[in-house]
Amino acid sequence: MSKSSPALENAPGAEEQAARFRRDGYLAGIRVQGAAESDRVRLRFDQLEAAEGRERCQIGLVDRHFDQRFAWDIATHPAILGAIEGVIGPDILLLATHFFCKYPDAAGTGPAGRFVAWHQDVTYWGLEPPFAVTAWYAVDDADVENGCMRVIPGTHRALRPHGKAERPGNLLSINQEVPVLPEEEARAVDVCLRAGEISLHHGMLIHGSNPNRSGRRRCGMTIRYIPPHVRVIAENSMRRPWAAVLVRGSDRFGHHSPRPAPFPQRRSPEPSGAE
Ligand SMILES: O=C(O)CCC(=O)C(=O)O
């Protein structure tokens, strides 16, 4: 039976968090917003969903921080950047954002029986060294019933060969899947999050998610960050050039053509009711 990640009510200090990240390859249950702020984000995502349609929202909303102010505000949220700084250091490039939205499908058989196969993010990202950290921001509450993310702790130390998923419904860009041993699968942890919380995962950590068998949407925004010494040496699986933006600190390496910030960066959370 899988385990659930601890709620982290008594969050440990920064050093302990960093040590835990190095050991397990992930951190969960980090609250970055209060209910009012996360409700506003959900409302803005609902508006985007109404404009784009559900089919596209499943996996088609990539890098919308360049045109959606709310997505930019999440990707540059001081509390999220603080958590990222704790695990990659003070210089931070925002590499990409991507919504993963799974819609209700109690039977798990229709197109909404979509799942995310076990994989390691950086396998097909063309990065050298192959390092990135993702913040998974919960737009909706994410739990076992609606298909929260699942991780296999400690699997972030080496990249493994990936194959193709045999089961239909894999949301990943090229249907990739990494084989895992039954004993590894038995150690998988359900990363349950409340809306307005994030988890962090290392780009080599094996993770995935099951279909949404609830009556509720499960929407998460993945935010990918790298330190500036990481360079791009090959095309990524989405065949879309990365558009990195420096969001904290400085870039002494200059490996990435600088992309201007699409909006001014807020120094504190969005004020109540403001655009
Ligand atoms: O949202 C999910 O279920 C999976 C997310 C994921 O695979 C990722 O962040 O790379």
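**View 1. Pro227 sits in the loop between β13 and β14 (231–232).** Keep in mind that this is a predicted model. Is Pro227 buried or exposed? Pro227 is buried, because 20 other C-beta atoms lie within 10 Å, and a residue with 20 or more counts as buried. Leaving aside its neighbours within four places in sequence, Pro227 is in contact with Ile88, Gly89, Asp91 and Ile92. Have a look at Gly249 too: Pro227 and Gly249 are 22 residues apart along the chain, and their C-alpha atoms are separated by 9.9 Å.

**View 2. Here is Ser173, in the loop between β8 (163–164) and β9 (176–177).** Ser173 counts as partly exposed, because it has 15 C-beta neighbours inside 10 Å. Which residues does Ser173 contact, leaving aside its neighbours within four places in sequence? They are Ser237 and Met238. For a longer hop, try Arg259: it is 86 residues from Ser173 along the chain, with 24 Å between the two C-alpha atoms.

**View 3. This one shows an open sheet built from 6 strands.** Reading across, the order is β2-β11-β6-β13-β3-β15, and the pairing is antiparallel. Which strands are at the edges? They are β2 (26–31) and β15 (245–248), and each pairs on one side only. From one strand to the next, the twist averages 35 degrees. At the β2 edge, 4 bridges link β2 to strand β11 (residues 197–202), again in the antiparallel sense. If you want one pair to pick out, Ile30 has Ile198 in β11 as its bridge partner.

**View 4. Now zoom in on β6, a strand that is mostly covered.** How many of its 6 residues are buried? The count is 6 of 6. In a regular strand, side chains alternate between the two faces of the sheet. You can follow that pattern here: Val133, Ala135 and Tyr137 point one way from β6, while Thr134, Trp136 and Ala138 point the other way. On one side, β6 pairs with β11 over 5 bridges in the antiparallel sense, and Thr134 stands opposite His201 in β11. β6 also runs antiparallel to β13, joined by 6 bridges, and in that pairing Ala135 stands opposite Ile223.

**View 5. Helix α5 (residues 78–88) lies across the strands of the sheet, among them β6 (133–138).** The others it lies across are β2, β3 (92–102), β11, β13 (218–226) and β15. Relative to β6, the helix runs at about 155 degrees.

**View 6. This is the largest nonpolar core, with 71 residues.** Which residues have the most contacts inside it? Those are Ile84 and Tyr225. Strand β3 gives the most to this core, with 8 residues. Leaving aside its neighbours within four places in sequence, Tyr225 is in contact with Ile84, Ile88, Ile92, Leu93, Leu94, Leu95, Ala132 and Val133.

**View 7. Finally, meet the residues around the ligand.** They are Phe100, Val116, Asp121, Thr134, Trp136, Met149, His207, Ser209, Gly220 and Thr222. Which elements give two or more residues to this shell? The elements are β6, β12 (207–209) and β13. Sorted by type, the shell divides into 4 nonpolar, 5 polar and 1 charged. Two names may ring a bell from the β6 view: Thr134 and Trp136 point the same way from that strand, and both are among the residues around the ligand.

Terms used: Residues are numbered from 1 along each chain as its sequence is written. This is a predicted model: local features need pLDDT of at least 70, side-chain atom pairs count only at pLDDT 80 or more; totals for chains, interfaces and linings use all residues. Two strands pair if DSSP finds at least two bridges between them. Axes are lines fitted to C-alpha atoms, for helices over the stretch in contact, and angles run from 0 to 180 degrees between N-to-C directions. Two residues are in contact if their C-beta atoms, placed from the backbone, lie within 7 Å. A residue is near a molecule or strand if its C-beta atom, placed from the backbone, lies within 6 Å of it. Ala, Val, Leu, Ile, Met, Phe, Trp, Tyr, Cys and Pro count as nonpolar, Asp, Glu, Lys and Arg as charged, and the others, Gly among them, as polar. A nonpolar core is a set of buried Ala, Val, Leu, Ile, Met, Phe, Trp, Tyr and Cys residues joined through C-beta atoms within 7 Å. A residue is buried if 20 or more other C-beta atoms lie within 10 Å of its own, exposed if 12 or fewer, and partly exposed in between; C-beta atoms are placed from the backbone.
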